[in-house]
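Work through the exercises below with the sequence and the model at hand. Try each task before reading its solution.

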Amino acid sequence: METTMIKKAVLAAFALATLPLLAPATAQADAPHDRVLELRDACDKASWDVEFPGLCTRSAGSVSLPEFREELADGGSGAWWIRQRSIGLDQGDSVAATNVGGIVHTFTEVDQFGKGCVPEWNQAVQDTVDNCDFGRFLQTLVAPGTSSAAQQPTVGVHRFQCLIHPWMRTTVTVKPS
């Protein structure tokens with residue numbers, strides 16, 4: 001008898017816990033959503049430490065500094081990118097970026113995609129717009145393992161890029177709710 005009561009109590013607790021899952025999807029459609037994009041890279045610590053000691057924190061990256069530099073002529077290393085290259089948001093949603101790589105990045109809103117703040121690495125992009133603003137650069141740094149501040153962009157199209165690795169770009173389109 002006691003076992004039956006325990007089973008009934010467990011089933012009742014399970015039913016109560018799953019009720020929110022059974023609610024119609026529209027019940028929370030108006031609630032703002034937080035979107036987190038990923039800043040990625042694959043720096044090889046040993047080779048990067050030769051010239052930039054301690055810059056790369058990744059223990060098992062696959063792109064050496066010489067390989068990285070070679071890829072600048074082809075538009076930059078494909079291992080350096082923002083995972084979601086374009087996303088859509090509803091008005092009121094927020095967006096942030098988490099650095100899942102091993103090297104520092106920025107997540108900076110720009111009017112137009114363009115060059116960043118590292119002249120050597122700017123050769124990867126053909127843009128003429130100079131986006132290097134050290135104030136914004138310092139405010140938008142995202143160290144490995146950390147996230148940028150969440151932002152609530154207004155309705156419209158917003159461009160974000162890394163001011164260190166300027167080929168790392170994403171477009172965020174916010175539609176009215």
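**Exercise 1: The first cysteine pair**

Cys43 is buried, at a relative accessible area of 0%; here buried means under 20% relative accessible area, exposed means over 50%, and partly exposed lies in between (1.4 Å probe, protein chains only). The structure is a predicted model, in which local features need pLDDT of at least 70 and side-chain atom pairs count only at pLDDT 80 or more, while totals for chains, interfaces and linings use all residues. Residues are numbered from 1 along each chain as its sequence is written, and side-chain values use heavy atoms, with hydrogens and water left out.

Task: find which cysteine forms a disulfide with Cys43, and describe the bond.

Solution.

Step 1. A disulfide is taken as a pair of cysteine sulfur atoms within 2.5 Å. The sulfur atoms of Cys43 and Cys56 are 2.1 Å apart, and the two residues form a disulfide.

Step 2. The torsion about the S-S bond of Cys43 and Cys56 is about 85°, so this disulfide is right-handed.

Step 3. Cys43 sits in the loop between β1 (34-40) and α2 (45-51), and Cys56 in the loop between α2 and α3 (65-71), so the pair ties together parts that are 13 residues apart in sequence. Helices (H or I, at least four residues) and strands (E, at least two) are DSSP runs, numbered from the N terminus.

Step 4. Cys56 is also buried, with a relative accessible area of 0%.

**Exercise 2: The other cysteines**

Task: state how many disulfides there are, and say where Cys162 stands in relation to them.

Solution.

Step 1. The count comes to two disulfides. Cys117 and Cys132 form a disulfide, with their sulfur atoms 2.2 Å apart.

Step 2. About the S-S bond of Cys117 and Cys132 the torsion is about 115°, so the disulfide is right-handed.

Step 3. Cys117 lies in the loop between β6 (108-110) and α4 (119-122), and Cys132 in the loop between α4 and α5 (134-139), so the pair ties together parts that are 15 residues apart in sequence.

Step 4. Cys117 counts as buried at 12% relative accessibility, whereas Cys132 counts as partly exposed at 26%.

Step 5. With bonded cysteines counted along the chain, the disulfides follow the pattern 1-2, 3-4. Cys162 is in no disulfide; the nearest cysteine sulfur belongs to Cys117 and is 9.2 Å away. Cys162 counts as buried, at 0% relative accessibility.

**Exercise 3: Elements and strand pairing**

Task: list the order of helices and strands, then find which way β9 runs relative to β3 and to β8.

Solution.

Step 1. The protein has five helices and nine strands. From the N terminus on, they run α-β-α-α-β-β-β-β-β-α-α-β-β-β.

Step 2. Two strands pair if DSSP finds at least two bridges between them. Strand β3 (residues 86-90) and strand β9 (residues 169-175) run parallel and are joined by five bridges. Ile87 has Val172 in β9 as its bridge partner.

Step 3. Strand β8 (residues 156-161) pairs with β9 in the antiparallel sense, over six bridges. Here Gly156 has Val174 in β9 as its bridge partner.

**Exercise 4: Asn99 and Ser59**

Task: decide whether Asn99 and Ser59 are buried or exposed, and describe their surroundings.

Solution.

Step 1. Asn99 lies in strand β4 (residues 94-99) and is buried, with a relative accessible area of 1%.

Step 2. A polar atom of the Asn99 side chain lies 2.8 Å from the backbone oxygen of Val142.

Step 3. Contact means heavy atoms within 4.5 Å. Not counting residues up to four places away in sequence, Asn99 touches several residues, including Leu39, Asp41, His105 and Pro144.

Step 4. Ser59 is found in the loop between α2 and α3 and counts as exposed, at 77% relative accessibility. The C-alpha atoms of Ser59 and Gly102 are separated by 8.1 Å, although the residues are 43 apart along the chain.

**Exercise 5: The core**

Task: identify which residues have the most contacts inside the largest nonpolar core.

Solution.

Step 1. A nonpolar core is a set of buried Ala, Val, Leu, Ile, Met, Phe, Trp, Tyr and Cys residues joined through side-chain atoms within 4.5 Å.

Step 2. The largest such core has 33 residues, and those with the most contacts inside it are Trp48, Phe68, Trp80, Phe107 and Trp167. The elements giving two or more residues to this core are β1, α3, β3, β4 and β9.

Step 3. Leaving aside neighbours within four places in sequence, Trp167 is in contact with residues including Phe68, Trp80 and Trp121.

Notes:
A polar contact is a pair of N or O atoms within 3.5 Å; within protein, one must be able to donate a hydrogen and the other to accept it, and residues adjacent in sequence count only if both atoms are side-chain atoms.
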